[in-house]
Amino acid sequence: MSETVIKVHNLSKRYNLGELHNQTNSFRDKVIGFFKKNAGSEKRETIWALKDVSFEVKKGEILGIIGRNGAGKSTLLKILSRITKPTRGKVLINGSVSSLLEVGTGFHPELTGRENIYLNSAILGMRKAEIDRKLDKIVDFAEIEKFIYTPVKRYSSGMYVRLAFAVAAHLEPDILLVDEVLAVGDAAFQKKCIGKMEDVAMEGRTVLFVSHNMNAIRRLCGSAIWIDKGRIAQKGPTAQVVGEHEESQLIRLNDFSFVRERDPEELTGLDFYIKRVEMLNPKMEYTNIFSYNDSLILLVDLDGELSENKYSIEFRIYKDSGEFACTGVSGALHGIYFDNHTKRIKINIGPLILTNGKYKISLSIITGMSRADTWENACLFNLINCRPFSLPQEIKTPVCVIQHAFSAME
Amino acid sequence: MSDQIVIEPETGWIRIDFKELFEYRELIGFLAWRDIMAQYKQAVFGIGWAVVKPVFSVIVYTLVFGKVAKLSSSGLPYPLFTLCGVVAWSFFAASLDQSTVSLLNNTNLLTKVYFPRLILPISGLGRGAVDFVISFILLLILMGIYGFSPSKTFYFLPVFFAMGLGLTLGIGLFFSALCAKYHDLKFAVQFLIQLWFWVTPVAYGIENIPEKLKILFFLNPMTWIIEGFRWSLLGVGEMDLNKILITASFSIVVLSGGLFYFRRMEGEFADII
């Protein structure tokens, strides 16, 4: 019988809404505010990001943590990583813990690749002796031998991500907490990352994995917990939990509208997010039915303040049964990054070489090394008129590479 | 490292986990190294700035205080007197400044990685320490040029150094915790440092202070720390056991206060910064 390595009991975390939206970090403003309004008449609004969350994780288990944006998944990981304190409850952990909440934490642009390996590894908890030992393997995994003496500010984003992940991949903790860091990078790299996660799993380490990517969750995790509005909605074997989560998404989503607005509940804590999406055909008419070989246009509206200078957009198309069909990302695949003032983006997807059926599209904003926002099931469409037997080439559905183009709209 | 980790709400005054700080000692080194490398890689003169700054200060102060204002320097050659004061003051001012902004400058680390938060202000001292060592060597060279050898009270030097460090680090810890919540307070600290310079006899002898203002200067612990620094190295000025004990106690109290306040606020840093 495996021992329990993580025991979470009645964990709760409360935030002041001011903190979440970063109201004012200015002492001057606070003093002015004190004099302006009647002092003390402001109600302090609070929100429970997590409420009475309890679960146990056994040694060697790979646990998936799923849920919509703002459900509390990242807060849970932050508490388990000891980055923030719980308001109530208790967690007991047996074993060394490493957290990967972001890839490339602490990288300094002026330092060389080699220097950053040391820095990042130390930040993630490795001792110098350990880093010395693993240096060659890390450089090898990142495939940047020729560039390790170049300052990191000269690296392409692909190299940067490979290096950052290479360091993280060589951590050897008993327990690993991962927050969607597999989001970035091109397809080959993501494959490498998932492969490495599988190795970690086979070495008997315990992993907690937060993701929106249901395929990765299905593939890697034996069990999962679904967090909704700060509470555990479901926990158990992956297939069951993921299935129920997807079903709930569909139920709220029989909405084939051409113009879809984001549910405000999902926006808590987000500084920069996708607000709205419109689906059209190339003639700029609203529609959600497309024929095989048609093109689909998405007009994506974003809102909020982004602290980074630029961002990248990603779309993922899934069959309504949850199978992953295809994806495209502006940054890693095309080197297109949008300036943080660009709030409207056009994505042209097509020709749609997919089989008949219902599809759902998820959209993500990727900044630097992480996903700033993911809107699962942003919109749905129907694909018709695919006649497999009369096609010149074989369709290896449902996964395929689809042509697409990104552009900014003002 | 397989003790059980317990995570639960923390309130009130928390003890300082020295054992954990020791375990993370390498990280202090790495972060300090990062700051030093980053600063000097970008600078035109590179590490040369560590020499240029004190030299330039000494020239300016000697001209302004020595020649123009015609203040006296307790019987020592003006440049030597001034350099000694500048070397000490620069380190303490830097240590206060760097520890204050240590959290703000590392927001990304605070929100993504775990390590004992005290690591940040402590590693922030690294840069000032390197500058200090370089300018101290400069000071020794200057002493040699003027024919001074360290006085027999030389072994008190680490004592005064520790007092200054404790005092500035204590204040820095207090302000760094406050700055996490109120980012603009770092400007208040910079202003405080400048103000403090004017009530400390760094570049002029203590004998120059007019009677009416003496109380202001004497209540300033940094006055005695700088004087003590000069006294232990060059043998001038007045120093007695009383002054040492009082200043040392004060520094210990400020340091402890800063440490405990920091620890108490630590749990919220990631949420409010």
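In this predicted model, helix α5 of chain A covers residues 128–142, and its 15 residues should span 21 Å at 1.5 Å a residue; the C-alpha atoms at its ends are 19 Å apart, which agrees with that expectation.

**Helix α5 of chain A and its surroundings**

The axis of α5(A) is nevertheless kinked by about 50 degrees, with the kink centred on A:Lys134. A:Lys134 is also one of the buried residues of this helix, alongside A:Ile131, A:Ile138 and A:Ala142. Because an α-helix has 3.6 residues a turn, residues three or four places apart point the same way. The buried residues of α5(A) pack against α4 and α6 of chain A, the latter comprising residues 157–169.

Directly after α5(A) comes A:Glu143, with a positive phi near 60 degrees. This residue belongs to the loop that links α5 and α6 of chain A. It is partly exposed, because 15 C-beta neighbours lie inside 10 Å and the buried class begins at 20.

**Backbone features in chain A**

A:Glu143 is not a glycine despite its positive phi, and A:Asn377 is likewise a residue other than glycine with a positive phi. A:Asn377, however, is placed in a strand, β19 of chain A, which covers residues 370–384. With 19 other C-beta atoms within 10 Å, A:Asn377 counts as partly exposed. A further backbone feature is the cis peptide bond from A:Gly350 to A:Pro351. A:Pro351 is found in the loop between β17 (344–349) and β18 (357–367) of chain A. The angles are listed below.

| Site | Angle |
|---|---|
| A:Glu143 | phi, about 60 degrees |
| A:Asn377 | phi, near 55 degrees |
| A:Gly350 to A:Pro351 | omega, near 5 degrees |

**The contact between chains A and B**

Contacts between the chains involve 40 residues of chain A and 32 residues of chain B. On the side of chain A that touches chain B, the elements giving two or more residues are α2 (27–36), α3 (73–80), β4 (88–94), β5 (97–100) and α4 (113–123). Of these, β4(A) provides the largest share, with six residues. By residue class, this side of chain A consists of 16 nonpolar, twelve polar and twelve charged residues.

**A sheet shared by the two chains**

Strand β4(A) is also joined to a strand of chain B: four bridges connect β4(A) with β1(B), residues 4–7, and the two strands run antiparallel. Within this pairing, A:Asn94 has B:Gln4 as its bridge partner, while A:Leu92 is partnered by B:Val6. In general, strands of a sheet pair through backbone hydrogen bonds, in either a parallel or an antiparallel manner.

The pairing forms part of an open sheet of four strands, in the order β2(A)-β1(A)-β4(A)-β1(B), with antiparallel pairing. The edges are occupied by β2(A), residues 46–58, and β1(B); each has a single partner strand, so one side of each is left without a neighbour in the sheet. On average, and with direction ignored, neighbouring strands of this sheet are turned by 15 degrees against each other.

Helix α3(A) lies across β1 (4–16), β2 and β4 of chain A together with β1 of chain B. Relative to β2(A), α3(A) runs at about 65 degrees. The helix α3(A) is also among the elements that give two or more residues to the side of chain A touching chain B.

Methods. Residues are numbered from 1 along each chain as its sequence is written. Chains are lettered from A and ligands numbered from 1 in the order in which they are written. This is a predicted model: local features need pLDDT of at least 70, side-chain atom pairs count only at pLDDT 80 or more; totals for chains, interfaces and linings use all residues. Two residues are in contact if their C-beta atoms, placed from the backbone, lie within 7 Å. Ala, Val, Leu, Ile, Met, Phe, Trp, Tyr, Cys and Pro count as nonpolar, Asp, Glu, Lys and Arg as charged, and the others, Gly among them, as polar. Two strands pair if DSSP finds at least two bridges between them. The expected span of a helix is 1.5 Å times one less than its number of residues. The bend at a residue is the angle between axes fitted to the seven residues ending there and the seven starting there. A residue is buried if 20 or more other C-beta atoms lie within 10 Å of its own, exposed if 12 or fewer, and partly exposed in between; C-beta atoms are placed from the backbone. Axes are lines fitted to C-alpha atoms, for helices over the stretch in contact, and angles run from 0 to 180 degrees between N-to-C directions.
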